[in-house]
Structure formats: structure tokens, C-alpha cells
Amino acid sequence: MKVYIGFGSYPQVEEALRSEGAHIVDSLEAADIFVFTQVPVRPFPKLPENIQWVQLPFAGINAYFRDGHITPDRRWSNASGIYGKQVAESAMALLLSLKHCIPHMVRTDSWPKDLSVDESTSMLLGTRTAVVGMGGIGKALEKILPVFDSEVVPVGRNDRLIDVAGEVDHIILCCPLTEETKHMVNTEIFAAMKPSSLLINVARGEVVDTEALVAALNSGQIAGAGLDVTDPEPLPDGHPLWGRSNVVITPHTANTLHTMDAFLAPVVAENYRRFIRGERMLTEVDPSRGY
């Protein structure tokens with residue numbers, strides 16, 4: 001079948017598809033399949049009727065639903081689970097930096113005379129961590145956290161976060177953004193959490209009620225937060241989440257654009273094989289579920 005890869009270049013994806021017998025073409029109008037790269041950054045295009053399947057580059061595709069791009073008249077696949085290990089490592093980096101008070105210490109300009117920060121550092125040893133969302137990222141965290149002797153408390157689609165929020169030491173969010181998960185972490189959840197608890201978000205910013213998060217940090221309801229995603233995003237200068245010694249913010253870089261091609265290639269090739277056979281693809285999107 002004919003595949004258009006655009007608008008940027010994914011050489012490893014292209015090579016993998018060619019090895020499966022796909023014919024790479026130069027335009028959407030000539031294609032049956034569209035592999036959307038979004039690199040360089042371009043808006044999602046209006047699709048001609050000939051496109052039967054669209055491969056999207058990200059696991060989180062809520063914006064495509066919000067903007068009405070994903071419709072049931074063609075098949076869709078995303079990158080669910082593909083970047084799991086990479087994002088899980090970033091989640092651990094955020095968590096460990098907070099446990100060891102790294103944000104406080106890196107903001108100093110000289111060797112501190114007051115080592116009171118020593119009393120605030122802690123370990124993962126003997127802790128319990130709720131992992132919200134048991135897809136690729138959650139499964140990776142399920143393997144990593146026990147290495148640090150932190151017990152994993154999985155929170156899947158059929159579980160309620162409120163039931164475990166007060167029983168764990170950390171909450172790591174790595175779930176899809178849907179109508180059900182929007183503002184999942186809100187005033188009620190923060191009130192239930194331990195004052196020593198940490199929140200890590202590598203899902204989507206809207207999973208957390210930002211105003212409630214700021215209030216929880218101000219009141220000491222929780223000890224800190226590590227955020228790779230925010231609401232709004234980008235987080236504007238002067239926002240009350242900036243400049244805190246107990247908050248780490250990274251600019252949505254848990255998964256990096258330059259690694260996508262290599263991670264996507266084998267999965268897109270397998271999706272192509274399954275599409276040709278009329279089977280469900282590895283990362284096929286269910287429009288009725290929103291992911």
C-alpha cells in the first residue's frame with residue numbers, strides 16, 4: 001500500500017515500512033496511509049478521503065479528539081506504550097530529585113553553610129507509590145520502583161485514586177487524558193494525601209487541577225510536585241508554580257522528539273502488517289474510549 005510520511009523525515013520508520021513492502025509516496029493525495037510526524041511542528045492537516053489509516057506520533061492524543069480530527073470513518077493508531085521506559089525514567093528522575101531536595105540545592109550559588117536541608121532528604125526505601133495508569137509507562141515503573149524498595153500500588157481504569165491517596169507516599173500519574181481523568185487529582189485527592197506525599201505528573205497537565213495543586217502546596221497538604229506537563233502549557237512566566245524549592249518542572253521533555261523515529265519504527269511496521277491482514281493493530285485507537 002502507499003504511505004505518506006510527513007511533514008518531516010522519519011528515516012527509520014520509512015525503512016521499516018519499505019521492508020514490509022510499503023510504497024512511500026510524496027503526498028497525502030497519493031497515499032492510503034498517513035504517518036504523521038509533526039516534526040517540524042505542523043498542525044494536523046485536513047485528510048483526503050483516500051486515507052484509510054493514520055499513525056499518530058504520541059501516546060497522548062486528546063488534542064486530536066478535542067479538535068475533531070479522530071473520526072470513526074478511518075482507522076487510527078497512536079504511540080501508546082512505545083515510549084514507556086523513557087518516560088518512566090523521567091518520572092523517576094523527578095521523584096528522586098524531590099526526595100533528595102535537589103531543586104533547593106541547585107538554586108544556591110555557593111556551598112551552603114546551613115545544612116538543614118539534610119533533615120528534609122529521604123529515600124524511596126520502605127515507601128509505597130501509587131502508579132495511576134498501567135500502560136507502557138506504568139508497566140515500566142512497576143519494574144523500576146521495586147528496585148528502590150518502593151512498593152507499587154497500581155491504579156487502573158477500574159480503580160479509584162481516592163481509595164489509596166492517603167495510604168501511599170507518592171502518586172505518579174501516567175494515565176491517558178479523557179473525560180474521566182480530567183482533573184482526577186483535585187481538592188479532594190490533595191486533602192486525602194499525606195502531608196509528606198509527592199505528586200509526579202508525566203501524563204497530561206489537565207489530569208491535575210492546577211489551582212488545587214497550588215493551594216495544596218501553599219497549605220502544606222502535600223510536600224511537593226514533579227511536573228513534566230502542566231495546565232496551562234507552556235506554563236507562563238510568573239505562574240505560582242515557578243520558583244518553588246519543592247517543585248520540579250520540565251518542559252514536556254520526558255519523551256524527546258529526536259528519539260521518536262527509532263522507537264516508532266518497529267511498531268509502525270507491525271501495525272502495517274496487521275492493517276494489511278485486516279487485524280487490530282498493536283496501538284489502535286478506540287474512538288469510543290478516547291484513546
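## Helix 7 and the parallel sheet

In this predicted model, helix 7 spans residues 210-219, and its buried residues are Thr 210, Ala 212, Leu 213, Val 214, Ala 216 and Leu 217. These buried residues of helix 7 pack against helix 6 (187-192) and against three strands, namely strand 9 (198-201), strand 10 (224-227) and strand 11 (247-249). At the start of helix 7, the backbone nitrogen of Glu 211 has a side-chain oxygen of Asp 209 within 3.1 Å, while just after the helix Gly 220 adopts a positive phi of about 80°.

Elsewhere in the model, 5 strands form an open sheet with parallel pairing, in the order 2-1-3-4-5. Strand 2 (23-25) and strand 5 (75-77) are the edge strands of this sheet, each pairing on one side only. On average, and with direction ignored, neighbouring strands of the sheet are turned by 25° against each other. Strand 1 (residues 2-6) and strand 2 run parallel and are joined by 3 bridges; Val 3 has Ile 24, in strand 2, as its bridge partner.

Two helices that pack on the sheet are set out below, with the strands that each touches and the angle between the direction of the helix and that of one strand.

| Helix | Strands touched | Angle between directions |
|---|---|---|
| Helix 1 (residues 11-19) | strand 1, strand 2 and strand 3 (33-36) | about 175° with strand 1 |
| Helix 8 (residues 260-277) | strand 1, strand 3, strand 4 (53-55) and strand 5 | about 165° with strand 4 |

Strand 1 and strand 3 are thus touched by helix 1 and also by helix 8.

Notes:
Residues numbered from 1 in each chain as written. Predicted model: local features only at pLDDT ≥ 70, side-chain atom pairs only at ≥ 80, totals over all residues. Heavy atoms only, no water. Buried < 20%, exposed > 50% of the residue type's maximum accessible area, 1.4 Å probe, protein only. Helix = DSSP H or I, 4+ residues; strand = E, 2+ residues; numbered from the N terminus. Contact = heavy atoms within 4.5 Å. Polar contact = N/O pair within 3.5 Å; in protein donor to acceptor, adjacent residues only side chain to side chain. Pairing = 2+ DSSP bridges. Axes fitted to C-alpha atoms, helices over the stretch in contact; angles between N-to-C directions.
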